[in-house]
Structures are given as C-alpha cells and as structure tokens.
Amino acid sequence: MIDLKYLLKNKDEITKKLLTRNFDHSILDKVFALGQKRNELIHTLEKLQAKRNALSEEIGIKKRNKIDASLLMEEVAEVNKEIETINKETKAIIDEVENLRLQIPNIPYDDVPVGIDENANVCLEEHATLGRGLVKNVLPHYEIASKLDIIDFARASKLAKSRFVVYKNDGAALIRALENFMLDTHIKNGYKEIMPMHLVNSSMLYGTGQLPKFAEDLFKIENEDLWLIPTAEVPVTNFHYDEILNLDTPIKYVAYTKCFRSEAGSGGRDTRGIIRQHEFHKVELVKFVDEESSLEEWKKTVNDAKSILELLEIPYREILLSTGDMGFGSAKTIDLELWIPSEQRYRETSSISIYKDFQAIRAKIRYRTKDNKTKYAHTINGSGLAIDRVVAAILENYQNNDGSITIPKVLIPYMKKEFIK
C-alpha cells in the first residue's frame, strides 16, 4: 500500500509511473477526488469547531452573569449536529479511500524496464554452461518419472483431481533432499529457519497483498476465516504483523512449506507434469530491512537464490521483469529461470522482489531509526527455490541414456546414492 500523504502530494508523478503497470488510473482519480473532498470537509469541520468553541465561551460568560443563554445553546446543538454529519461523511470517505488504496499496485523503481508484458523483460545474464549445458533430446520429466516409478499422477488425480501429484520412492526422497539442502544452504548464509502454518486468516493476506485482488487464485476454508497459503511469504512476512522491529541488522528468515494455488488464471497451461500444480513445495526467503540498505539486501537475496542453482549445476538465466509483468506489490523483480530440456526453454523457479514499504504499511510493520523515529520497514522475498520445478529440471538435465538419473553432487549426501534407477 502506498503512503496516503505521499500519494496525495505526488499525484502527477505517481499517475505517470503507475500507468506503466497496466493499471486502471480511474482508481487513482477517485482517490485524489476523495482526498480533495476530505480536505474540504476537514476545513469545514475546523470552522464549525471554532464556531462551537466561541459560542461555548459566550454561553459561559452569560451564565456567569446570570443571563439567559438558551438561544446560544440551541445554536450549539445545531452546530454539533453538523459536526456529527461531517464526521460520518469523513469516515465514509476514509473507508472508501482505504479500500481503493488496497487496489493500487506498488510504484516501480526508475530503472525497471517499461512494458505491458513479458516481452519487455530484460535478460541480465545467462548461465548456459553449468552442468551438462543446454541439454537436448531427452524424455520429458513426467515420462521418465513414470518409468522410474517415482511420481504417481494417476493416483493423485484419484485422491484429489488433476494438477496434483504423489511423490514416491526416490521421488519422495528427492523432494526431501532438496528441501534439506536448500534450508541448510540458506541457514549457512545467515537466515533463521521458521516452520509456519499452512493456514492464515484474511488480515495476513491483506498484509502481503494477495487480498483483495487475487482472491480467485486462493483456496478458502468454507465457513472459516482461514485460507491455504499460496506461498510462505504470507505467514513469514506477517510473523511481525503490527510490530516495531530493531533493524540495526537485517532480519532474515527461510521457510519450507507446501503452497496452494487455484491457478485460476493459468488458462489450461502446463497441465502435464509438475511445472504448474495446485499443491507444491517451496523454500522461501524473507527479509525485513531498513530503507537505506533495502536495494543492497535485495541484490544479496538474488545471489542467495542463484547459489542454489549454481550448486546444483543447472543452467539458468536472470530476467529483470518489466513494469507490466512484475507482481502487484513489487517495486522491482528478478526472475531466475532454469533450463527445461524437453521444452527447450527456460522456466521460472524464483521471483525475488523488493517491495519497499508497500507490504509493511499494510501489515503495520515498523522500525526505529537511529534518531528514534518510527518508519515502515522494507520487505524482500523470493523463492529459494520452487522445489517441484527443480525436480523437473534435475530429471531432464541429469537424464542418462540408460534411463537413469545422475543425482547432482551436492545432493548425494542427502540421497545417499549417486543414481536414481
């Protein structure tokens, strides 16, 4: 959420920047109009309060002198009615402005490429020579997984519906190995582990920006104010909901969770395999930082996520997202995309975003500056990484002619074997 004072004082600049985000600027127009009306009401309210004070003072003088003040008291009663009416109208405006602000995306940094969609994204760097390089001519992950009996698609559909999978045998072990490897690596880099719940209430989803805009992408528990989390970003960011933090040094968390998404807007894409599921596994990185260090800490988070792909020796590239392609709450995002040989293209496995104070305003997360003032924290998050897509990449990039899978060197201590056969 954008600070209201900043919003009202910088109308032209904010409108110009948000127009690059495929955003309906009529919402901004309403906010500015309501802000102007609120200011007018406050001005009227101040005049009425001054009038009431003057009348009350006059009533006091008359009463001390034992002079009838009934007419003045009637006038005060009328002024009080006007004040009450204006207070109600002002509150209604404030409530409407707050609801509208929830629909306004974050302001992008100046160096974010401008564009309406992914076609304006910029490839910053490609790491195509890692491991076996840009592998070709292999079975897609879902076929090799079925042959190796490590993923069961049919029974998953029976147990739930399509876009769910059951991992078994070495498939289950590979998920567990990746989870532990990623957690161990990030903990060595200074992150503290959190194991949050998979259900949160509505306030938490408003805090990180999933509500109200993306309700259709979420799974809600019937007759309860509880939702399944779409990412660990939600419970971990809101872990400090309505708190004042000490950010002399950044607060860094890592969490492994299941994640749940309805994929309402996927349009039937990626229905085969494990690229786009309703339920999936992910390790998430979340940081709380002060304003001065936020961009530098965001860059460090990008490097922390990259290190996983480099250790696994999977080719990948770094993509700076355009204004029209990055997430609603993000001010700047880099995607890490790993190589999927069966598709002969890169697929996203992590989006590392900096939010400035956008989420912290919504979630009321603050910190004290060196001069003891209170400011909203800056938040950063990104996958470190999305595990199921890494599994797909390993099954395809490390596939051998005999149908076996070579296990990446860093995972051998976790899997306690060198091949999946």
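**Helix packing, cores and the sheet in a predicted model**

Biologist: Helices α7 and α10 are oblique to each other. This is a predicted model. At what angle do the axes of α7 and α10 cross, and how is the angle to be read?

Modeller: Angles from 65 to 115 degrees count as roughly perpendicular and those over 145 as roughly antiparallel. The axes of α7 and α10 (residues 294-312) cross at roughly 130° and come within 10 Å; the pair is therefore oblique. The crossing of α7 past α10 is right-handed.

Biologist: Which residues of α7 and α10 meet?

Modeller: On the α7 side they are L178, F181, M182, T185 and H186, and their counterparts in α10 are D304, S307, I308, L311 and L312.

Biologist: How should a nonpolar core be read, and which members of the largest one touch the most others?

Modeller: In soluble globular proteins, nonpolar side chains tend to be buried together. Here the largest nonpolar core has 59 residues, and L178, M182, I314, V390, V391, I394 and L411 touch the most other members. Helix α7 (residues 170-188) gives the most to this core, namely eight residues. A separate core of 29 residues includes I2, L48, I59 and I107.

Biologist: What does I314 touch, leaving aside residues up to four places away in sequence?

Modeller: I314 touches L130, L309, L338, W339, V390, A393, I394, N397 and Y398.

Biologist: What is the order of the strands in the open sheet?

Modeller: The eight strands run β1-β10-β11-β12-β15-β9-β8-β4, and their pairing is mixed. Strands β1 (122-127) and β4 (192-193) are the edges, each pairing on one side only. Within the sheet, β9 (residues 279-289) and β15 (residues 378-386) are antiparallel over seven bridges, and L285 stands opposite G382 in β15. Helix α12 (residues 387-397) packs on the sheet, where it touches β8, β9, β11, β12 and β15; its direction makes about 30° with that of β11.

Biologist: Which residues does a cis peptide bond join?

Modeller: One such bond joins L211 and P212, with omega about 5°. P212 lies in the loop between α8 (202-208) and β6 (227-228). Another joins G384 and L385, with omega about 20°, and L385 is found in strand β15.

Biologist: Is N137 buried or exposed, and what is its phi?

Modeller: Exposed means over 50% relative accessible area; N137, at 80%, therefore counts as exposed. Its phi is near 55°, a positive value in a residue other than glycine. N137 lies in the loop between β1 and α5 (141-147). N372, with phi near 65°, is exposed at 55% and lies in the loop between β13 and β14.

Terms used:
Residues are numbered from 1 along each chain as its sequence is written. This is a predicted model: local features need pLDDT of at least 70, side-chain atom pairs count only at pLDDT 80 or more; totals for chains, interfaces and linings use all residues. Side-chain values use heavy atoms; hydrogens and water are left out. A nonpolar core is a set of buried Ala, Val, Leu, Ile, Met, Phe, Trp, Tyr and Cys residues joined through side-chain atoms within 4.5 Å. Buried means under 20% relative accessible area, exposed over 50%, partly exposed in between (1.4 Å probe, protein chains only). Helices (H or I, at least four residues) and strands (E, at least two) are DSSP runs, numbered from the N terminus. Contact means heavy atoms within 4.5 Å. Two strands pair if DSSP finds at least two bridges between them. Axes are lines fitted to C-alpha atoms, for helices over the stretch in contact, and angles run from 0 to 180 degrees between N-to-C directions. Angles under 35 degrees count as roughly parallel, over 145 as roughly antiparallel, 65 to 115 as roughly perpendicular and the rest as oblique. A crossing is left-handed if the near helix is turned anticlockwise from the far one by less than a right angle, and right-handed if clockwise.
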